[in-house]
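Let's walk through a protein model together, one question at a time. Have the picture open as you read.

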Amino acid sequence: SPLYLSFSLSLSLSPGEIYKYHDVTHIGLTDLPSRLPTQSSTLYANNLSKLFLSMGKDNVHQVDLEDEVVRGSIITKEGSLLWPPPPVEPSPVAPKPVTGSAVVKPPEPSPFKDTLVSSLGYTTGLSTLVGLGATAPNPAFTTMCTTFGLAGICGYHTVWGVTPALHSPLMSVTNAISGITAVGGLLVMGGSYFPSNSVEVLAGLAALVSFINVFGGFVITQRMLDMFKRPTDPPEYNLLYGIPALAFLGGYAYAAAHNMADIHQMAYFASSLCCLGALGGLSSQSTARVGNALGMIGVSGGVAATVGLLNPSTEVLTQMGATALIGGGIGATIAKSVEITSLPQLVALFHSFVGVAACLTCIATYMHDFPHLAELSNAAVLKTAIMLGTYIGGVTVTGSLVAYGKLDGKLDSAPLLLPGRHALNLGLLLANMGAMGYFYNAASLGAGVGALSAITLGSGVMGYTLTAAIGGADMPVVITVLNSYSGWALCAEGFMLNNSLMTIVGSLIGSSGAILSYIMCKAMNRSLPNVILGGFGTSSTGGGKPMAIEGTATEIDTDGVASALVNAKNVIVVPGYGLCAARAQYPVAEIAKLLNENGVKMRFGIHPVAGRMPGQLNVLLAEAGVPYDIVQEMDELNDDFPDTDVSLVIGANDTVNSAAEDDPNSIIAGMPVLRVWKSGHTIVMKRSLGVGYAAVDNPVFFKPNTSMYLGDAKKQCDALLEALKRHYNA
């Protein structure tokens, strides 16, 4: 729109203000001259400092008269008049050297090859199903395979519908419903008020840690969803969802009391649908709380159906209730006390509980069923499920604990690259396979338990070596992979106990983790094996030398940043892990509110792998009061940067690195990034000019339209907020 500068009060309808009148922007500032000296002095001082710094090497001052700029700046030297400088002879312009090696052009797409690969994939899948059908020991196995397959398809399509902003609640709600592992423990519990043997002790412990997950997961999910509430949202009456819960549980109790035999499986089916609804509810903010309520109904119904199916004595029922109360109390206490910035650590820790429950239940089930194992027609299936459940559970336990340690600062976040680690992991895999073979043919209970213990130990060591080799910045992928592992461990328990509820829920969780892992890897343009095996580089990285970075960085002070924001119309804030680490979300939220109230359109752009778990930054900003409708994903606003006046980057590096698009030989080549450098003015808030996790210099720092606002993010944001308040007299 037209822009006019009102130099006199008579020409401005509102002296001292910037406003629009009939689609014409009027700048009616009466103190415009007084605003210019600070900015001009900053620019002048920056130029002088760079001139002086250029006169020398290695921090040693030296006047080089061969340097044209230095020679032209010298008036006298050692008493001799050197002015005016001799005229500079123009030199021929040399062609700019090519930096970086050329990359081989990727091969042309081959429709035949692509179709062949797809065809072979379908062939493998269908052949596997035919093979399972041919070797099925009984109809129950084929029914469970059908349940597993259909549940996986439902989970696949449901999780794809979850909005990225709710990926963190998705992780916590899958943590909660993974507590269905409690069903496995309840099925093996016995004795009286206390367990009477080692089998019952193991089963009770499995149920205990499972209930920690159930209560803790739902409490932390509700906490996160409450943060997304806006003052303008309509009132909620979520307690009304107690009506369907009471109808379900009351109806089941009545049917079970009257010995209606088929009610137990139908209750399992209803519980499974509720757990599926828990994931589906996270497809939008408006239905997310319904999803959490459905998850609670589903897990409660599953536990109730298990108790009704067992019909335990009063003593055992008391033991089960005490286990649920103790575990639930621990989980709820942890979830209520943990800070939101510690959410990734909590999710990783809860994943380890699922692994512990899986290992304990598998060992307890083997010990419980061993006396009549040889008589079972599905003994091979049972043993296979026990082995897989123990192995996946062991990897999940130690992998989750290492991830927890790295995220919480108890372990070094740098990757632990042991010499020959790939050979070590291969050896551990072969050792586990050997232990599985020994277990499969074990003739005595002691030999079988020993083999399972060896599998638990070997898989635990493997979980440690795999996760320790992964750096802290790749934890979003690690957490989602561990989430997937916990689901597959639950599936193995379902096959082991012939329990459809465990199989369905495990398949949902496994699919959820697998899809989130794919999304995270795609956002980094890396393959899952590349991340899990501790690799570097993207699938598009060339083999040549990376481009050299030219130019110098320009710094800016607090007043300069405040002036740029005040005079902008459109601002996009791009936060990264640095904002999380500095806990700067609160002043950033106040800055956004203040600017939006004063006519500056301010939005937030979130990269899929920003933070240390999917959706972490969305939750942090919501906690600080940033409305979720101004927090957008990378794909939603990446094309808006050319029309953006100011991009404010806070604690992000690799996710805004232009080398991903401009340098085919960069280690992050092809990685989707937020194109902040295309805005009118890019301001980067970082502690230093240091590299990010990928150890790649960022050319954005040295671009002409970039200003570096160096320092601690929390302190800088606090100072910036105060400067803006002074300007607006707030």
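Here are some questions and answers about this predicted model.

Q: Is Val477 buried or exposed?
A: Start with where it sits: Val477 belongs to helix α16, which covers residues 475-497. Its relative accessible area is 1%. Buried means under 20%, so Val477 counts as buried.

Q: Which residues is Val477 in contact with, leaving aside its neighbours within four places in sequence?
A: Here we skip the neighbours within four places in sequence and look for heavy atoms within 4.5 Å. That leaves Ser517, Met520, Cys521, Met524, Leu528 and Val531.

Q: What distance separates the C-alpha atoms of Val477 and Pro614?
A: Along the chain, these two are 137 residues apart. In space, though, their C-alpha atoms are separated by 8.4 Å.

Q: Which helix gives the most to the largest nonpolar core?
A: That core has 183 residues, and Phe604, Ile650, Val676 and Leu724 have the most contacts inside it. With 15 residues in the core, the top contributor is helix α12 (residues 343-369).

Q: How far does helix α21 reach from its first C-alpha to its last?
A: Helix α21 runs over residues 585-597, which makes 13 residues. At 1.5 Å a residue, 18 Å is expected. The model comes close to that, with a reach of 18 Å.

Q: Which buried residues of α21 is Leu724 in contact with?
A: Beyond its close sequence neighbours, Leu724 is in contact with residues including Ile591, Leu594 and Leu595. The buried residues of α21 include these three names. So, by the 4.5 Å cut-off, the names are Ile591, Leu594 and Leu595.

Technical notes: Residues numbered from 1 in each chain as written. Predicted model: local features only at pLDDT ≥ 70, side-chain atom pairs only at ≥ 80, totals over all residues. Heavy atoms only, no water. Helix = DSSP H or I, 4+ residues; strand = E, 2+ residues; numbered from the N terminus. Buried < 20%, exposed > 50% of the residue type's maximum accessible area, 1.4 Å probe, protein only. Core = buried A, V, L, I, M, F, W, Y, C linked by side-chain atoms within 4.5 Å. Expected span 1.5 Å × (residues − 1).
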